[in-house]
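Please open the model in a viewer and keep the selection tool at hand. The tour below proceeds one selection at a time.

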Amino acid sequence: MRLNNKVAIITGAANGIGYAAAERFIEEGSFVVIADFNEDAGVSAAEQLGDQALFVQVDVADRESVKNLVATVIEQMGRVDILVNNAGITRDAVLTKMTEDQFQQVLDVNLTGVFHCTQEVIPHMIAAGGGKIINTSSVSGVYGNVGQTNYAATKAAIVGMTKTWAKELGRKGINVNAVAPGFTETDMVKKMPENVLAQMRSVVPLQRLGTPRDIANAYLFLASDEASYVHGHTLHVDGAIMM
Ligand code: NAI
């Protein structure tokens, strides 16, 4: 039980990697708040995960909505030990065709959303004497990816924010790290054409895409006491797709 009696907020946990993380954290004894925009998926995720899970609807891009999330968690659970900033969206288009709206929507969720959630949670972590913040970058942010000007910009920014927060919050007992998943089998990736997926598998030395549980295990490690001297780090979990 590596997270016994911890309280974790996982954004975007109604689906994909976030859901796998919720499942994994609960297996290790944590209580998990499924903080997601999608109400139907969130309610059904909480039902499937049982008594150790609570769904709170949130739009991470909206400051008031995030304030409400954190207030609800504090009211019901009394504290937040772990925040996993996992919610993310794509609005892909090559640079010549990307609209202002596509660019801004991705920034609002993937970047401003992470800022909102972390800023609202840290006063409670500081008051409690510590905590764990885990952000989600991407192989696209580290190496770039055609059609993902907006997404790659946010995911590269996550690396910089993670390092900055590690410098600012370390003295408060808050560990801050990031995970950079490679292409992982979730709805976000399954939307891609099969020929693109086959090409993606072929360039991974492990010859497969990641599973949501592969990424969830990295979140778990960084959320656990085993990683207490890992700080400001971006852990690549990508089958070495790029080296
Ligand atoms: P997904 O699309 O399966 O799940 C994302 C979840 O975020 C959904 O439940 C959605 O409702 C929620 N969400 C979207 N906008 C939101 C908002 N404004 N407020 C609250 N929740 C919101 O995505 P997936 O694949 O599980 O991705 C999780 C994270 O991993 C994302 O940050 C993504 O960028 C990152 N990632 C994913 C990769 C992949 O190959 N699947 C690769 C690298 C990074």
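Begin by selecting residues 6-182 of this predicted model. The C-alpha atoms at the two ends of residues 6-182 are 28 Å apart, and the span is 53% helix and 19% strand. According to UniProt, in an unreviewed entry, residues 6-182 carry the feature "domain: Ketoreductase".

**The sheet**

Next, display the strands alone. Seven strands make up an open sheet, and their order is β3-β2-β1-β4-β5-β6-β7. The pairing in this sheet is parallel. Colour β3 (53-57) and β7 (234-237) separately: these are the edge strands, and each of them pairs on one side only. On average, neighbouring strands of the sheet are turned by 20 degrees against each other, direction ignored.

**Strand β5**

Now select residues 131-136, which form strand β5. Is this strand mostly covered or mostly uncovered? Strand β5 is mostly covered, with six of its six residues buried. Show the side chains to see how they are divided. G131, I133 and N135 point one way from β5, while K132, I134 and T136 point the other way; all of these residues are buried.

**The neighbours of β5**

Add residues 82-85, strand β4, to the selection. β4 and β5 pair in the parallel sense over four bridges. Two positions help to locate this pairing: L83 stands opposite I133 of β5, and the bridge partner of I82 in β5 is K132.

To follow the chain between these two strands, select residues 100-128. This is helix α4, through which the chain crosses from β4 to β5. Which hand does this β-α-β crossover have? The crossover is right-handed.

On the other side of the pairing list, select residues 174-181, strand β6. β5 and β6 also pair in the parallel sense, over six bridges. Centre the view on K132, which stands opposite N175 in β6.

**Helices across the sheet**

Finally, bring back two helices. Residues 149-169 form helix α6, which lies across β5, β6 and β7; helix α6 runs at about 165 degrees to β6. Then select residues 212-223, helix α9. Which strands does helix α9 lie across? They are β1 (7-11), β4, β5, β6 and β7, and helix α9 runs at about 165 degrees to β6.

Key:
Residues are numbered from 1 along each chain as its sequence is written. This is a predicted model: local features need pLDDT of at least 70, side-chain atom pairs count only at pLDDT 80 or more; totals for chains, interfaces and linings use all residues. A residue is buried if 20 or more other C-beta atoms lie within 10 Å of its own, exposed if 12 or fewer, and partly exposed in between; C-beta atoms are placed from the backbone. Two strands pair if DSSP finds at least two bridges between them. A crossover is right-handed if, with the strands pointing away from the viewer, the path from the first strand over the helix to the second runs clockwise. Axes are lines fitted to C-alpha atoms, for helices over the stretch in contact, and angles run from 0 to 180 degrees between N-to-C directions. Two residues are in contact if their C-beta atoms, placed from the backbone, lie within 7 Å. UniProt positions are given in the numbering used here, feature names are shortened, and annotations may be inferred rather than shown by experiment.
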